[in-house]
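This note is meant to accompany the model shown below. It takes one strand as its starting point and then turns to the charged side chains.

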Amino acid sequence: MTLARILAGTTSVLATLTLSGCSLVWNCTDTTAEREEAGVRVEVVNTDGRPSGVTAEVLGWRREPHPQVPADGDQVHFDFRFQGVDGWNAPAVDACAVDEKRVVLGCQTVHGDEAFGRKAERTGDSWLHVEHPERTAEVLLIPNDQSDHDGRTCDQDMKDGGGIHPPDTPSPGDQL
């Protein structure tokens, strides 16, 4: 009789946990957002593909030696602008030097909070180290926001990892 009461109590506790959204098994899934179309001027999107209200733009680029390592020869130096950035909203996007066929020569992430100026419009500059800077035809931005991704996957943290992750930064040779 006592065993029956214990089993009945255990069943109702498990049913309550299940109905309340709790589970004894973590259901963690990792997904990667689709890479949005790269451009010279892009509207930054979150991992769900929704516009963030911020635009990012390449204002210009040139090949020249980096002042700290001139012996390395020319690199790709570019100017960028973020518009619509506020104190709580500082996205990051990937900037890529590409050839005339939009094949990636090199990429790096640029952050809206590293640019200077008024909060609504911030400008900055950065350098892309590419093996053949003379092949650079454009510098493009990929609109997927890279700033809010903590990098934890289900394998690394079953409880707090998972969810939608931004696409990986393109590698040299990838087509945009």
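1. Strand β4 is a suitable place to begin. This strand is mostly covered, since seven of its 10 residues are buried. The structure under review is a predicted model, and every remark below should be read with that in mind.

2. The partners of β4 deserve attention next. With β3 it pairs in the antiparallel sense, over 10 bridges. Within that pairing, Ala 56 stands opposite Phe 82 of β4. Strand β4 also pairs with β7, again in the antiparallel sense, here over eight bridges. In this second pairing Arg 81 has Thr 123 of β7 opposite it.

3. The wider setting may be stated briefly. The chain has one helix and nine strands, and its order along the sequence is α-β-β-β-β-β-β-β-β-β. Of its 176 residues, 35% are buried. Among contacts with a separation of 6 or more, 66% join residues that are 24 or more positions apart. The chain exposes about 10700 Å², of which carbon and sulfur atoms supply 51%.

4. How many salt bridges does a search of the whole structure find? The search finds seven. One of them joins the side chains of Glu 57 and Arg 81, with an N to O distance of 2.8 Å. Glu 57 belongs to strand β3 (residues 51-65) and Arg 81 to strand β4 (residues 74-83), so this pair ties together parts that are 24 residues apart in sequence. Glu 57 has a relative accessible area of 18% and is therefore buried, the limit being under 20%. The pair is also part of a network of salt bridges that links Arg 41, Glu 57 and Arg 81.

5. A further salt bridge connects two loops. Asp 99 forms it with Arg 135, and the closest N and O atoms are 3.7 Å apart. Asp 99 is in the loop between β5 (92-98) and β6 (104-111), while Arg 135 is in the loop between β7 (121-128) and β8 (138-142), so the pair ties together parts that are 36 residues apart in sequence. Are the two residues buried or partly exposed? Asp 99 is buried, with a relative accessible area of 8%, whereas Arg 135 is partly exposed at 39%.

6. The salt bridge between Asp 48 and Arg 50 should be mentioned as well; its closest N and O atoms are 3.5 Å apart. Asp 48 is partly exposed, with a relative accessible area of 45%. Arg 50 counts as exposed, at 53% relative accessibility.

7. Asp 145 calls for a separate comment. This residue is located in the loop between β8 and β9 (163-165). Asp 145 is buried yet has no salt bridge, and the nearest side chain of opposite charge, that of Arg 122, is 12 Å away. Which side chain, then, makes a polar contact with the side chain of Asp 145? It is the side chain of Ser 147, at 2.7 Å. In addition, a polar atom of the Asp 145 side chain lies 3.1 Å from the backbone nitrogen of Ala 92.

8. The surroundings of Asp 145 complete the picture. Apart from neighbours within four places in sequence, Asp 145 is in contact with Val 44, Val 45, Asn 46, Pro 91, Ala 92 and Pro 166. The student may wish to locate Asp 145 in the model and set it beside Asp 99, which is also buried but does form a salt bridge, with Arg 135.

Conventions:
Residues numbered from 1 in each chain as written. Predicted model: local features only at pLDDT ≥ 70, side-chain atom pairs only at ≥ 80, totals over all residues. Heavy atoms only, no water. Salt bridge = Lys/Arg side-chain N within 4 Å of Asp/Glu carboxyl O. Buried < 20%, exposed > 50% of the residue type's maximum accessible area, 1.4 Å probe, protein only. Helix = DSSP H or I, 4+ residues; strand = E, 2+ residues; numbered from the N terminus. Lys, Arg positive; Asp, Glu negative; His and termini not counted. Polar contact = N/O pair within 3.5 Å; in protein donor to acceptor, adjacent residues only side chain to side chain. Contact = heavy atoms within 4.5 Å. Areas by Shrake-Rupley, 256 points an atom, 1.4 Å probe, with all protein chains shown as cover. Pairing = 2+ DSSP bridges.
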